Amino acid sequence: MIDLPRSPGFRLDGLRALVTGAGRGIGLAAAAALAEAGAHVTLAARTLTEIEEAAGAITAAGGMARALVLDVLDTATTRATIAAQGAFEILVNNAGTNRPKPFVAVSEDDYDAVLDLNLKAAFFVAQSVADGMIGAAHGGSIIHMGSQMGHVGGSRRTLYCASKWALEGMSKAMALDLAPYRIRSNTIAPTFIETPMTRPFLDDAAFRDDVLKRIKLGRLGKVEDLMGAVVYLASPAASMVTGTSLVVDGGWTAD
């Protein structure tokens, strides 16, 4: 009789997840995916009506979700608010922004806006959640929403590339510091995904055509393309995966 190995599975029943920037786009998709896999999801963002509606839709579909108003740029309040929620097992560090400009046109205000949200806020949100995970001694999974632009360069993307390359390095170093506590840190690095944030850029026909030429699978990404990656990295199936990046780019960075 052959003793077949059994998959650890992708279910997240009984686990608590926090998703930042969860009101729409990639954040909403991540929250919906985690809830579908059985997690109790807290959707965090600055706009209450948006996340309440999103949490309500997840609940109506049979998931468990609640809304939490959180301005991740306010580090002290964010730390206190996260601590008050109790320990999470999963974090999707998703809140982010972009200000595409030629390098010579970038202002100090642009720099602060992109780096403060994409990097500083991500750092301290992760630190706050990790504090809870360590205190609860149950391990956990921290997933940072990076970008293919954290693996390559791009014109008019100096700030965005700077923030996403830094996020990759941060995640790897975090993985080393948090491994003794059985807390994993990884990134997901998508290509251009059709979301409310990217729509104004993709509406430019020339820009859209250039993007499609670079994506070897010949289409733009959809938020649904990232849902499996989120669940995988959060799940027992990825229990030995830490300090790496799951690139979901249709082949962009393979060239």
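A helix crossing is termed right-handed if the near helix is turned clockwise from the far one by less than a right angle. In the predicted model described here, the crossing of α1 and α8 is right-handed. The axes of these two helices come within 9 Å and cross at roughly 55°. An angle of that value places α1 oblique to α8, because angles under 35 degrees count as roughly parallel and those of 65 to 115 as roughly perpendicular. On the α1 side, the contact is formed by I26, A29, A30, A32, A33 and L34, and these meet L226, M227, V230, V231 and A234 of α8.

Confidence in the prediction was examined along the chain. The mean pLDDT is 97, and 100% of the residues reach 70 or more. Helix α6, residues 199-202, has the lowest confidence, with a mean of 88, whereas the highest, 99, is found in β6.

Helix α8 spans residues 224-234, and its buried residues are L226, M227, A229, V230, V231, L233 and A234. An α-helix has 3.6 residues a turn, so residues three or four places apart point the same way. The buried residues of α8 pack against one helix segment, α1 (25-36), and against the strands β4 (90-93), β5 (140-145), β6 (183-190) and β7 (245-248).

The interior was then considered in terms of nonpolar cores. The largest of these comprises 37 residues, and V19, L34, V41, L43, V92 and I188 have the most contacts inside it. Two or more residues are contributed to this core by each of β1 (16-20), α1, β2 (40-45), α2 (48-60), β4, β5 and α8. A second core, separate from the largest, consists of 22 residues, among them A44, A121, A126 and V129. For V19, contacts beyond four places in sequence are made with G27, A30, A31, L34, V41, T42, L43, A44 and V92. One of these partners, A44, is thus a contact of V19 and also a member of the second core. Another, L34, is listed with V19 among the residues with the most contacts inside the largest core and is also one of the α1 residues that meet α8.

A further helix pair is formed by α4 (residues 108-136) and α5 (residues 158-178), whose axes come within 9 Å and cross at roughly 15°. The two helices are therefore roughly parallel to each other, and their crossing is right-handed. The residues of α4 in this contact are D110, Y111, V114, L115, N118, L119, A122, F123, A126, A130 and I134. Their partners in α5 are L159, Y160, S163, K164, A166, L167, M170, M174 and L178. A126 takes part in this helix contact and belongs to the second core.

A121, likewise in α4, is buried, since its relative accessible area is 4% and the limit for burial is under 20%. A121 touches V72 and D116 when residues up to four places away in sequence are not counted. The C-alpha atoms of A121 and D74 are 8.1 Å apart, although 47 residues separate the two in sequence. A different arrangement of sequence and space holds for A137, in the loop between α4 and β5: its C-alpha lies 28 Å from that of A55, with the two positions 82 residues apart in sequence. A137 counts as exposed, because its relative accessibility is 56% and exposure requires over 50%.

In helix α5, A162 has a relative accessibility of 38% and therefore counts as partly exposed. A162 and G150 are twelve residues apart in sequence, with a C-alpha to C-alpha distance of 7.6 Å.

Backbone geometry was also inspected. Most residues other than glycine have a negative phi. R156 has a positive phi of about 60° and is not a glycine. R156 is placed in the loop between β5 and α5 and, with a relative accessible area of 44%, is partly exposed. A positive phi, near 60°, is likewise found at R182, a residue other than glycine. R182 is located in the loop between α5 and β6. Its relative accessible area is 54%, so R182 is exposed.

Key:
Residues are numbered from 1 along each chain as its sequence is written. This is a predicted model: local features need pLDDT of at least 70, side-chain atom pairs count only at pLDDT 80 or more; totals for chains, interfaces and linings use all residues. Side-chain values use heavy atoms; hydrogens and water are left out. Buried means under 20% relative accessible area, exposed over 50%, partly exposed in between (1.4 Å probe, protein chains only). Helices (H or I, at least four residues) and strands (E, at least two) are DSSP runs, numbered from the N terminus. Contact means heavy atoms within 4.5 Å. pLDDT is the predictor's confidence in each residue, from 0 to 100. A nonpolar core is a set of buried Ala, Val, Leu, Ile, Met, Phe, Trp, Tyr and Cys residues joined through side-chain atoms within 4.5 Å. Axes are lines fitted to C-alpha atoms, for helices over the stretch in contact, and angles run from 0 to 180 degrees between N-to-C directions. Angles under 35 degrees count as roughly parallel, over 145 as roughly antiparallel, 65 to 115 as roughly perpendicular and the rest as oblique.
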